[in-house]
Amino acid sequence: MNFKHQEVKRAFAFWDNKTRTKSSSGGAFSAIARNVIEKGGVVFGAAWKDGFKCVHIKCETIDGLEAIRGSKYLQSDIGLTFSEARSALKEDRYVLFTGTPCQIAGLRSFLLKPYEKLITVDIVCHGVPSNQLFCNYIDKLKSEFPEFADANGFEFRNRRGWGYAPATTGANCRKFGLVGVPNLYMAAFDKASIFRESCYDCRFNGLSRVGDITIADFWGLGTQGLKFRHDVTKGVSLVLINTDKGREVVDKLGDCFIQERPLKEAIPLNHNLVGSSVLPDNREDIISAFNNPANSLTAINAKYNIENTDIKSRIRNELIKTGAFWFIKSIINKLRSL
């Protein structure tokens, strides 16, 4: 069964004025979700459970959206949410379901037929590691580095600004940024070393999308000849409108910035929009190393050289720790927007 829509032709830079500083990038998901909730609808997305388990949940209130904001770079457990979405649709309620493209295809396959009030949003997905591997990483982090011993939560993307480093949440809600070897999970993720095997030959990437709307970070904005004369420090979403329903949803969003951009601008730094991640030769060895309790993060990095430890990386990490990196980056972004 083919769930792909016609190839998308248009791309948009987007941010939601209400939630831009509470989201991973420009808050596109939050704006769409808020609109659905305000119509009495139900929203489904990925959230944390018991600290470090990633699961899909149902949300029916504006306040509840906080749990499903923010990127989660691992496989979420769908649980019973497909059935819950179908029940809501049968009650004639609006349903927004967001997830990886394969999850959206799975939902549509489960439902067997289209529903007028179903809105689907897929993300530009690099690939997903297993939740078990992530939990094994957390165990190593907490046992190897004392400052993370009391970690009870995780943010892949600090919401203070675009591109901030991952952080753990510990006692008294303190946040500890992850750089260097403690950030080995994201370093391995960035090198596509820990994804599910099927992610390297994904059926659901490409410019023919499975969701009504596609969202991502708009990396590379303003780098393909057409200048973007706005400060991007607080983040900008890439929005692709793939169906008439998706267009209707976005057209009704209020209090947001939206500007059409060349589609070619969105592709170079979002390569998973058009293709799968490349399978590294040592992928199985690295996954085994993360899953082996006897291996420390330091030992894994020493063997596989995942996290860069050159002088440039060390300087960058020190700047991140002090907060100077983001101050400098903000100035550069403002100068680029002039």
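Colleague: Hi! Which residue stands opposite lysine 58 in strand 3?

Modeller: Hello! That is phenylalanine 44. Keep in mind as we chat that this is a predicted model.

Colleague: Thanks. How do strand 2 and strand 3 pair there, parallel or antiparallel?

Modeller: Antiparallel, with seven bridges between strand 3 and strand 2, which covers residues 42-49.

Colleague: And what sheet do they sit in, open or closed?

Modeller: An open one, made of eight strands with mixed pairing. Reading across, the order is 3-2-4-5-9-10-1-11.

Colleague: Which strands are at the edges?

Modeller: Strand 3 (53-59) and strand 11 (256-261), and each of them pairs on one side only. From one strand to the next, the twist averages 30°.

Colleague: Which strands does helix 3 touch?

Modeller: Helix 3, residues 101-111, packs on the sheet and touches strand 3, strand 4 (95-99) and strand 5 (118-123). The direction of helix 3 makes about 155° with that of strand 5.

Colleague: Let's go to strand 10. Is it mostly covered or mostly exposed?

Modeller: Mostly covered. Strand 10 spans residues 237-241, and five of its five residues are buried.

Colleague: Which way do they point?

Modeller: Ser237, Val239 and Ile241 point one way, while Leu238 and Leu240 point the other way. The residues on both sides are buried.

Colleague: Which residues are paired with serine 237?

Modeller: On strand 1, phenylalanine 14 stands opposite serine 237. Aspartate 217 also has serine 237 as its bridge partner in strand 10.

Colleague: How many bridges hold those strand pairs together?

Modeller: Strand 1 (residues 11-16) pairs with strand 10 over four bridges, in the antiparallel sense. Strand 9 (residues 213-217) is joined to strand 10 by five bridges, and that pair runs antiparallel too.

Colleague: New topic: how many disulfides are there?

Modeller: The count comes to zero. A disulfide is a covalent bond between the sulfur atoms of two cysteines.

Colleague: Why is cysteine 102 not bonded to cysteine 202?

Modeller: Because the two sulfurs are 6.4 Å apart, which is too far for a bond; the cut-off is within 2.5 Å. Cysteine 202 has the closest cysteine sulfur to that of cysteine 102. Cysteine 102 counts as partly exposed, at 34% relative accessibility.

Colleague: What about cysteine 125?

Modeller: Cysteine 125 is in no disulfide either, as the nearest cysteine sulfur, in cysteine 199, is 5.8 Å away. With 21% relative accessibility, cysteine 125 counts as partly exposed.

Colleague: One more topic. At what angle do helix 4 and helix 8 cross?

Modeller: At roughly 55°, with their axes coming within 8 Å. Helix 4 is residues 131-144 and helix 8 is residues 283-291. The angle makes helix 4 oblique to helix 8.

Colleague: Which residues meet in that contact?

Modeller: From helix 4 there are Gln132, Leu133, Asn136, Tyr137 and Lys140, and from helix 8 there are Ile287, Ala289, Phe290 and Asn291. By type, the contact has five nonpolar residues, three polar and one charged.

Colleague: What does asparagine 291 touch, leaving out residues up to four places away in sequence?

Modeller: Gln132, Leu133 and Asn136. Asparagine 291 and glutamine 132 are 159 residues apart along the chain, yet their C-alpha atoms are separated by 8.1 Å.

Colleague: Is asparagine 291 buried or partly exposed?

Modeller: Partly exposed, with a relative accessible area of 33%.

Methods:
Residues numbered from 1 in each chain as written. Predicted model: local features only at pLDDT ≥ 70, side-chain atom pairs only at ≥ 80, totals over all residues. Heavy atoms only, no water. Pairing = 2+ DSSP bridges. Helix = DSSP H or I, 4+ residues; strand = E, 2+ residues; numbered from the N terminus. Axes fitted to C-alpha atoms, helices over the stretch in contact; angles between N-to-C directions. Contact = heavy atoms within 4.5 Å. Buried < 20%, exposed > 50% of the residue type's maximum accessible area, 1.4 Å probe, protein only. Parallel < 35°, antiparallel > 145°, perpendicular 65-115°, else oblique. Nonpolar A, V, L, I, M, F, W, Y, C, P; charged D, E, K, R; others polar.
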